[in-house]
Amino acid sequence: MRFRLVRYFTFASLGMFIVVTIALVFFERQQAAFFQEVQSAESEFVKRVQASFARQQEEAARHDLLAIHERANMDLTRLFANMLWERDFAPFVAKVQAIPVEHCRAIADITGEDGKKRQPDSKKACYQELGAKIRALAEYKALDAKVFSTMKKSSVFKVKVFDMRGITAYSSEAAQVGDDKSGNAGWKNAMEGKPVSELTHRDKFSAFEGVVENRDLISSYLPVNAQDGEKVIGVFEVYTDVTGFLDQIKQTSAKIATTARDNENQMVNVAEYNLDEVNKMSNNGIAIVAGLLLLLFASLFAIVRRAEKTIRQQELDREHAHQQLAQAEKMALLGQMVAGVAHQLNTPLAFSRSNISMVIDGLKSFELPLKVAHAFARAVRKTEGDRVTLNISRSRGQLQQIESHDDDVLMLSQMLGDTLQGLEQMRELVENLRDFTRLDREKVTHFDINKGLHTVVYIAKSVIPHRIEVVEEYNDVPEVECNPSQLNQVFLNLINNAAQAIPDNGKITVRTSVEDLRVRIDIIDTGSGIPADVQPNIFDTYFTTKPPGEGTGLGLPIVKNIVEEHGGTVTFTTQAGTGTTFTVYLPAAFPETLLEAA
């Protein structure tokens, strides 16, 4: 089928242009979406940065507040310790530390349903009893009064004092006296000389002024050092109120958040404006690209249309040249075949001519006897009796020349029989030649491969040396739909090549079979094989290993081309010194018959 360049170019290019346009629109939309995502990401990033900044500012403020109050609490603790520790707290804490607590700590904690450990009621009661003993000490009430008097009207809401075991020796909230804080991380760090502070919020809290609500407090565990400044001799826990400071921090954070939201709204408006501008530019770009594509299509269409005309003309020229080359190869092969056929016709023709000449000469010797016989027959017809009287005085000499042999007629008959046999050979040769040439007028028809091969082999024998034996092994195969003349040329070329590949005595086997619903034809020779360096090129046009003037390099390319035009394939296997097998596969005309047979 002829390739329609303009048609396929039009369909393909329009399809590609549509795909390109869709792709451009898609990518432009993707670009716009990406730009929008970038804008959103930038806005979100700025929002996170501002939120992070506000959070960090608030955290820094809280941290600074915590640090400042921790230092203030340290100063307060030192002042408080200087005022009350040596004279009041040290003796009191020493008495508390003398009260045993091991029996309370020996009571094991229990694990609740949430998996956390807690004190059983018996342990709580033990520590409450311990607290009652501490509060019952004579110094407790006076010490408590001094603490309340000192801390009242200050920002300090609660004061606790722990002994070296972690027992709460004193608390401005009396109910907490006797609690065990030895497992508390703040107390542990303070015992190591490290002050620890924590900012907490309490809904309700017992302070010096009474119960207060919704308060932000800083609790500090502060070590009390001996006079040498090294040894820790006690731990204070001080709660100070920072609610007012935190309210100021929250107000500042709220102002920062409001400013950040205003900035975010401005960024959103700018992003929307930029996105509209990007969409306009994208649409303009798509329109420009579409126009350029149409212009490119028109230019390419004109070029391709011109190219198609050139290609068509080149195709016609190439097809004409190919036909001429194929015809030249065919005529060369036919020339060899005609020479062989002429040789085959010449032998029986010369033999028959010689026999007929001898028969003619033999018939001349029967001329006188026949004349005598005719004269005798006339005499018999004229005589009514049974006796005939002949006067041979004038013809005695001629009658004496007649010589008769019993095998003369038999010999002439055998000579004529030999002549008929020679004529039969010529008839068979002419009939096969007629079948071979008659098929040349056929186009595409159902063809009996076995019959066609037999004809080709018969004709090929006229050009194949007698030292080469041709063996025909035909199996039952279905017909193929083909141009018989072209396939005859294929098989004649292959058989002729096989014969040329056999330098001495040898054999060519022509075999047919069925393989994978296809008709298989094998041309097997016992020649010298095909060299390895030649094998890749044997189907190339004009490639030949024959001396200049003897080969055209068109035989096998024509074979391959004809077989492929019939929907088949041609392959070969070869072995040096053993021979070569060319195999042709052709599709069966009725493959369903093969399926039924299988």
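Here are some friendly questions and answers about this predicted model.

Q: What does the protein's secondary structure come to?
A: It comes to 13 helices and 14 strands. Of the 598 residues in the protein, 34% are buried.

Q: What makes the link of Cys104 and Cys126 a disulfide?
A: Their sulfur atoms are 1.7 Å apart. The cut-off for a disulfide is a pair of cysteine sulfur atoms within 2.5 Å, so this pair counts as one. The structure holds one disulfide. In general terms, a disulfide is a covalent bond between the sulfur atoms of two cysteines.

Q: Where in the chain do Cys104 and Cys126 lie?
A: Cys104 is in helix α2 (residues 102–105), and Cys126 is in helix α3 (residues 121–135). The two cysteines are 22 residues apart, and the pair links distant parts of the chain.

Q: Is the link of Cys104 and Cys126 left-handed or right-handed?
A: The link is left-handed, with -75° about the S-S bond. As for their surroundings, both cysteines are buried.

Q: Why is Cys482 called buried?
A: Cys482 has a relative accessibility of 1%. Buried means under 20%, so Cys482 counts as buried.

Q: Why is α10 called oblique to α11?
A: Helix α10 (residues 449–460) and helix α11 (residues 484–500) pack at an angle of about 50°, with their axes 10 Å apart. That angle is not under 35 degrees, not over 145 and not within 65 to 115, so α10 is oblique to α11. The crossing of α10 and α11 is right-handed.

Q: Which residues of α10 and α11 meet?
A: From α10 come Ile449, Gly452, Leu453, Val456, Val457 and Ala460. From α11 come Leu487, Asn488, Phe491, Leu492 and Ile495. This contact divides into nine nonpolar residues, two polar and no charged.

Q: Why does Asp516 count as exposed?
A: Its relative accessibility is 62%. Exposed means over 50%, so Asp516 counts as exposed. Asp516 sits in the loop between β11 (506–515) and β12 (518–525). Asp516 also has a positive phi of about 55°, although it is not a glycine.

Q: What makes Leu517 partly exposed?
A: Leu517 has a relative accessible area of 37%. That value lies between the 20% limit for buried and the 50% limit for exposed, so Leu517 is partly exposed. Leu517 is placed in the loop between β11 and β12. The phi of Leu517 is near 60°, a positive value in a residue other than glycine.

Q: How do you know that Val304 is buried?
A: Its relative accessible area is 14%. Buried means under 20%, so Val304 is buried. Val304 lies in helix α6 (residues 243–364).

Q: How many residues apart in sequence are Val304 and Phe9?
A: They are 295 residues apart in sequence, while in space they are 7.6 Å apart, C-alpha to C-alpha. Across the protein, among contacts between residues at least 6 apart in sequence, 69% join residues at least 24 apart.

Q: Which residues of helix α12 are buried?
A: In helix α12 (residues 555–565), the buried residues are Gly555, Leu556, Pro557, Ile558, Val559, Ile562 and Val563. Gly567 follows α12, and the phi of Gly567 is positive, near 80°.

Conventions: Residues numbered from 1 in each chain as written. Predicted model: local features only at pLDDT ≥ 70, side-chain atom pairs only at ≥ 80, totals over all residues. Heavy atoms only, no water. Helix = DSSP H or I, 4+ residues; strand = E, 2+ residues; numbered from the N terminus. Buried < 20%, exposed > 50% of the residue type's maximum accessible area, 1.4 Å probe, protein only. Axes fitted to C-alpha atoms, helices over the stretch in contact; angles between N-to-C directions. Left-handed = near helix turned anticlockwise from the far one by under 90°. Contact = heavy atoms within 4.5 Å. Nonpolar A, V, L, I, M, F, W, Y, C, P; charged D, E, K, R; others polar.
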